[in-house]
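This report describes the strands, sheet pairing and surface of one protein chain. Overall figures are given before individual elements.

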Amino acid sequence: MLSQTALVTLGGGLTISQQPLPVAVCRGAPETLSVATSLAGSTSRWRCGTVNLLDGWIISGAGTATLMIISVTQGDGAAGYNSVITNNCDSVTSSNAAVTGTPGVTITMNPNNASVCQGQDAGFRVSTAGAGTPRYRWRLKSTLINA
């Protein structure tokens, strides 16, 4: 007498189909890193270098495929963020993704007061320093002035 046929499924073959990418963002800004795998049913664990991350006030999604850094600081991720992905048969580690917090723009010269007669134009200047290209928005009291 023979038993019923049993199906044997071989696991393994776990590969990373989307690696996390390095980014540079302004300090204090949020950033998201993502990783994807070739097989359903796998789990992710994010690390900074070799240290497992835990969800808390600055990290969310440490055990998911998408890591959210709530507020990037200058020294964030110097060792690189990576994700260890596991399933029943295999484990793979993503590439390291550096998250660099760059200093924001600072105002180095504020506009000066101006005294003009009614109907005359008044000119104002402001100077900035820092990384990136600043965008300027002028206000009259609390109202935005359209340029």
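The protein has 15 strands and zero helices. Its radius of gyration is 26 Å, well over the 15 Å that the globule rule gives for 147 residues, so the protein is more spread out than a compact globule. Taken along the principal axes, the C-alpha atoms fill a box of roughly 110 × 30 × 25 Å. The model is a predicted one.

Of the 147 residues, 21% are buried. The exposed surface of the protein comes to about 10,500 Å², and carbon and sulfur atoms supply 54% of it. Among contacts with a separation of 6 or more, 51% are between residues 24 or more positions apart.

**The open sheet 3-8-7**

Three strands form an open sheet in the order 3-8-7, with antiparallel pairing. Its edge strands are strand 3 (31-34) and strand 7 (59-60), each of which pairs on one side only. Strand 8 covers residues 66-69 and is joined to strand 3 by four bridges. The pairing of strand 7 with strand 8 is antiparallel and rests on two bridges. These two strands form a hairpin with five residues between them. Gly 61, in the turn of that hairpin, has a positive phi of about 85 degrees.

In a regular strand the side chains alternate between the two faces of the sheet. Strand 8 shows this alternation: Leu 67 and Ile 69 point to one face and are buried, while Thr 66 and Met 68 point to the other and are not buried. Individual residues of strand 8 can be matched to their partners. Thr 66 stands opposite Ser 34, Leu 67 is the bridge partner of Leu 33, and Met 68 is the bridge partner of Ser 60.

**The parallel pair 2 and 11**

Strands of a sheet pair through backbone hydrogen bonds, either parallel or antiparallel. Strand 2 (residues 23-26) pairs with strand 11 in the parallel sense. Cys 26 stands opposite Thr 102 in strand 11. Strand 11 spans residues 99-102; Val 99 and Gly 101 lie on its covered face, and Thr 100 and Thr 102 on its uncovered face.

The strand pairs described so far are listed below.

| Strand pair | Sense | Bridges |
|---|---|---|
| Strand 3 and strand 8 | antiparallel | four |
| Strand 7 and strand 8 | antiparallel | two |
| Strand 2 and strand 11 | parallel | four |

**Two residues: Ser 44 and Tyr 136**

Ser 44 is found in strand 5, which runs over residues 43-48. Is Ser 44 buried or exposed? Its relative accessibility is 13%, so Ser 44 counts as buried, the cut-off being under 20%. With neighbours within four places in sequence left aside, Ser 44 is in contact with Val 35, Ala 62, Gly 63, Thr 64, Ala 65, Ser 83, Val 84 and Ile 85.

Tyr 136 lies in the loop between strand 13 (127-129) and strand 14 (139-140). The relative accessible area of Tyr 136 is 45%, so this residue is partly exposed. Which residues make a nonpolar surface patch with Tyr 136? They are Phe 124, Trp 138, Leu 140 and Ile 145, and with Tyr 136 they make a patch of about 530 Å². Residues of such a patch have over 30% relative accessible area, a condition that Tyr 136 meets at 45%.

Technical notes. Residues numbered from 1 in each chain as written. Predicted model: local features only at pLDDT ≥ 70, side-chain atom pairs only at ≥ 80, totals over all residues. Heavy atoms only, no water. Buried < 20%, exposed > 50% of the residue type's maximum accessible area, 1.4 Å probe, protein only. Pairing = 2+ DSSP bridges. Patch = residues over 30% accessible without salt bridge, like charges linked within 9 Å, V, L, I, M, F, W, Y side chains within 5 Å. Areas by Shrake-Rupley, 256 points an atom, 1.4 Å probe, with all protein chains shown as cover. Salt bridge = Lys/Arg side-chain N within 4 Å of Asp/Glu carboxyl O. Contact = heavy atoms within 4.5 Å. Rg over C-alpha atoms; globule rule 2.2 N^0.38 Å.
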